[in-house]
Amino acid sequence: MNSVIEPVTTPPASDELKLRLDTIRAVMVAKGLDYYVAAHTDNVYYLTNFAYMPFERPFFLIIPTEGRPCLVVPLLEVSHAEQRVLIDLDYHTYYEYPAPPGKTFTDTLRKVIGDDKKVGIESSLSIALQKEIPGNKEVCDLIDEARLIKTDYEIGRIAYACKVTNIGMKKALSLAQPGPHIATIYSESTKEMMVTMLFEIPEVNLLMCKFVAAVWPKALSAQPHSVPGLFDELEEGGPNVAIITAQTNGYSAELERTFFMGDVPDEAKKVFDVTMEARAKAFELIKPGVRAEDLDREVLSIIEDAGFGKHILHRTGHGFGITGHEPPWVALGSEHVLAKNMVISIEPGIYIESVGGFRHSDTVLVTDNGCVSLTEYPDSLDELTLKLP
């Protein structure tokens, strides 16, 4: 764990949530909006600390430019919301879905918002729900934009998730030997992460937790989004790729390592070195003001110049926050510009079917004039060549 960043496990304080709400309202005023309607579960959680599974019954956080926000929820969810919500708001309910006329969520929305207001809505809102929002609507992702830059509190929460991924990686690689099933590595490593979190965050919200600790054996390592069979076995050599992700009570991190068992095949050594060179270039370039597209282009050019251009399958990285995949996108075509307190992955990869896949991934914080990795785990070839029993 990086000693500069202190992991945080506590819920957000009222001042933290007020800062987020004030940020949204300032943009609303600039855009001339009367209300903003958030229905995406991650955005509602970001502003209230309340997580839920909507199924067919939608939830809406309605933010006025002034006054108390309100949460429109189905009747059966009010008590649940009251247990988790950490901001001062009003509750408006609807009966069910479907419901008789006068008791639907559309009726409730109209009572709260009215018909002639200017209303901002999220682009992720379904077409069907967009039609039910009253007023003059404008699609604008104000909350998603606000989430790009993390507060110190959020960085601490992500740092804690990084601590948990380090624990998961250590466990996974301790079990990585020829013979053990993937299921054994997965179950033991995810259990280690889960138990760690439960002891350190006893009031955890399990709706905002998710753990993955999987090993892609050499045969699948060149297919980064394939899914290993639970009873696949590891073999001597490599490359193998260990993928550890954690969402710990609402904030996420990722740690991945390419490793070998016993020995390193000759054809793998150069590919590993080029991957590490590309990764080092990314760390060198990260700082506020750098265009994400330019970062990706320079990193990938190292792989291309080494003759492996046709073996590139994906971008250099993506953002972290509440989820494990969110803006900013470190990719060609991205419009994002790096800024202090953004958190991104660095994971350039090379994938050769006859040789295998090569990728390290770290969760990285953009600082005043550079970056720091929040996931600190050995990354050299020697350190990741595991001894056989």
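At 64% relative accessibility, Phe 55 counts as exposed, and this residue sits in the loop that runs between H2 and strand S2 (60–64). Its backbone is also worth a look in this predicted model, since the phi of Phe 55 is near 50 degrees, a positive value in a residue other than glycine. A second non-glycine residue with positive phi is Asn 249, at about 55 degrees, and Asn 249 likewise belongs to a loop, the one between S8 and strand S9 (251–261). Asn 249, however, has a relative accessible area of 10% and is therefore buried, because buried means under 20%.

Two cis peptide bonds can be located from here. One of them joins Gly 238 and Pro 239, with omega at about 15 degrees, and Pro 239 is part of strand S8 (residues 237–248). Another joins Tyr 97 and Pro 98, with omega at about -10 degrees; Pro 98 is placed in the loop between strand S4 (90–94) and helix H4 (105–113).

The helix that precedes the loop of Phe 55 leads on to a helix pair. Two packed helices are described by the angle between their axes and the distance between the axes. For helix H1 (residues 14–31) and helix H2 (residues 41–48), the axes come within 8 Å and cross at roughly 120 degrees, which makes H1 oblique to H2. On the H1 side the contact is made by Leu 17, Arg 20, Leu 21 and Ile 24, and on the H2 side by Tyr 46, Leu 47 and Thr 48. By character, the residues of this contact divide into five nonpolar, one polar and one charged.

Ile 24 of H1 appears again in the interior of the model. The largest nonpolar core has 43 residues, and those that touch the most other members are Ile 24, Tyr 36, Leu 61, Ile 63 and Leu 71. Helix H7 gives the most to this core, with five residues. Apart from this core lies another, of 31 residues, among them Val 264, Val 274, Leu 295 and Met 342.

Tyr 36 shows how such a core member is surrounded: leaving aside residues up to four places away in sequence, Tyr 36 touches Met 28, Leu 61, Ile 62, Ile 63, Gly 120, Ile 121, Glu 122, Cys 140, Asp 141, Leu 142 and Ile 143.

Helix H7 itself covers residues 152–175, and at 1.5 Å a residue its 24 residues should span 34 Å; the C-alpha atoms at its ends are 35 Å apart, so the two values agree. H7 is also mostly covered, in that 17 of its 24 residues are buried.

Further along the chain, Arg 291 lies in the loop between helix H10 (266–285) and H11, and with a relative accessible area of 38% this arginine is partly exposed. Arg 291 and Ser 334 are 43 residues apart in sequence, yet their C-alpha atoms are 8.2 Å apart in space. When residues up to four places away in sequence are not counted, Arg 291 touches His 336 and Val 337.

The path ends in the helix that follows this loop, where Gly 307 lies in H11 (residues 292–308). Gly 307 has a relative accessible area of 52% and is exposed, because exposed means over 50%. From Gly 307 to Glu 138 the C-alpha to C-alpha distance is 47 Å, with their positions 169 residues apart in sequence.

Notes: Residues numbered from 1 in each chain as written. Predicted model: local features only at pLDDT ≥ 70, side-chain atom pairs only at ≥ 80, totals over all residues. Heavy atoms only, no water. Helix = DSSP H or I, 4+ residues; strand = E, 2+ residues; numbered from the N terminus. Expected span 1.5 Å × (residues − 1). Buried < 20%, exposed > 50% of the residue type's maximum accessible area, 1.4 Å probe, protein only. Core = buried A, V, L, I, M, F, W, Y, C linked by side-chain atoms within 4.5 Å. Contact = heavy atoms within 4.5 Å. Axes fitted to C-alpha atoms, helices over the stretch in contact; angles between N-to-C directions. Parallel < 35°, antiparallel > 145°, perpendicular 65-115°, else oblique. Nonpolar A, V, L, I, M, F, W, Y, C, P; charged D, E, K, R; others polar.
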